[in-house]
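Welcome to this guided tour. Please open your viewer and get ready to select residues as we go.

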Amino acid sequence: MDLHSANQFTAHDGYASSSNLYMEQLPYVDRLWLGEYFDYNGTGPEYWLVELSGIPFGLMGEMLEGGGNPWRGMVFGMTGRAPAVDNCPLWEFWAEHGLEQAQMHGFWDPQAPVRTNHPDVLATTWISGDRAVVALASWAEETVHVSLNFDAGSAHLASLPIEAPAIRGFQSAVSHGPAETMTIEPQRGVLLTIGF
């Protein structure tokens with residue numbers, strides 16, 4: 001079952017969180033569409049995690065209002081709702097790099113294998129064998145320059161090639177050296193492949 005809800009945190013709706021409002025139905029739901037009237041650009045990552053993503057409930061989520069924010073969405077494994085948004089380029093990237101079989105480690109995971117050196121640029125990593133895909137998204141108010149930090153268990157990734165492959169409508173192709181900084185604009189991000 002698909003659960004679709006608008007943002008109920010309004011005076012008209014009694015300031016109710018959509019997740020709390022429908023929590024008793026969540027065991028019967030396989031995906032969330034908490035989309036209409038949500039502010040994808042003016043809310044913090046904690047809000048995204050709890051109010052939008054479905055991750056605390058073991059559910060996938062999709063974005064609606066204005067198509068969402070595709071870079072921030074990727075940090076939570078989310079895309080806009082098709083067919084309102086053309087997700088084919090991102091889905092093709094997912095399939096080509098095996099994200100459906102990879103293990104996802106979000107920025108909220110204390111054992112996250114990859115982080116950035118900037119507190120407002122968050123990273124989610126999908127590990128597949130000795131390779132990784134990393135989604136970065138910015139909550140910083142200005143353009144920032146970031147580099148990747150690898151935990152001890154993933155130190156081998158630091159010496160592998162880092163690429164931002166071309167994804168239509170999402171990003172242009174760029175190669176990065178292991179210690180090279182990346183420029184991330186406000187409300188945007190990048191998808192990186194490591195070791196592919």
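A crossover is called right-handed if, with the strands pointing away from the viewer, the path from the first strand over the helix to the second runs clockwise. Helices (H or I, at least four residues) and strands (E, at least two) are DSSP runs, numbered from the N terminus. Keep in mind that this is a predicted model: local features need pLDDT of at least 70, side-chain atom pairs count only at pLDDT 80 or more, and totals for chains, interfaces and linings use all residues. Residues are numbered from 1 along each chain as its sequence is written, and side-chain values use heavy atoms, with hydrogens and water left out.

**Stop 1: the strands**

Select S2, H2 and S3, which make a right-handed β-α-β unit. Two strands pair if DSSP finds at least two bridges between them. S2 and S3 (residues 60-63) pair in the parallel sense over two bridges, and here Arg 31 stands opposite Met 60. Now add S1 (residues 2-5): S1 pairs with S2 (residues 31-34), also in the parallel sense, over four bridges. Which residue of S2 does Asp 2 stand opposite? That partner is Arg 31.

**Stop 2: aromatic rings**

Rings of Phe, Tyr and Trp (its six-membered ring) pair if their centres lie within 6.5 Å; planes under 30 degrees apart count as stacked, over 60 as edge-to-face and the rest as tilted. The whole structure holds 10 aromatic pairs. Begin with Phe 9 and Tyr 15: their planes stand at 70 degrees and their ring centres are 5.3 Å apart, so this pair is edge-to-face.

Next, pick Trp 48 and Trp 139, an edge-to-face pair with 6.3 Å centre to centre and 85 degrees between the planes. Trp 48 belongs to helix H2 (residues 45-52) and Trp 139 to the loop between strand S8 (131-138) and strand S9 (144-146), so the pair ties together parts that are 91 residues apart in sequence. Are these two buried or exposed? Both Trp 48 and Trp 139 are buried (buried means under 20% relative accessible area, exposed over 50%, partly exposed in between, with a 1.4 Å probe and protein chains only). Add Tyr 40, Phe 76, Phe 107 and Trp 108 to your selection, and you have one aromatic cluster together with Trp 48 and Trp 139.

**Stop 3: a charge over a ring**

Show Trp 33 and Arg 81. The charged end of Arg 81 sits over the ring of Trp 33, 3.8 Å from its centre (this requires NZ of Lys or CZ of Arg within 6 Å of the ring centre and within 35 degrees of the ring normal).

**Stop 4: backbone surprises**

Most residues other than glycine have a negative phi, and most peptide bonds are trans. Go to the loop between S2 and H2 to find Tyr 37, a non-glycine residue with a positive phi of about 70 degrees. Tyr 37 has a relative accessible area of 59%, so this residue is exposed. Then visit Pro 83, in the loop between strand S4 (79-80) and helix H4 (88-96). The peptide bond from Ala 82 to Pro 83 is cis, with omega near 5 degrees.

**Stop 5: the core**

A nonpolar core is a set of buried Ala, Val, Leu, Ile, Met, Phe, Trp, Tyr and Cys residues joined through side-chain atoms within 4.5 Å. The largest one has 31 residues, and those touching the most other members include Leu 32, Trp 48, Met 74 and Leu 191. Finish with a second, separate core of 19 residues, with Val 114, Val 121, Leu 136 and Ala 164 among them.
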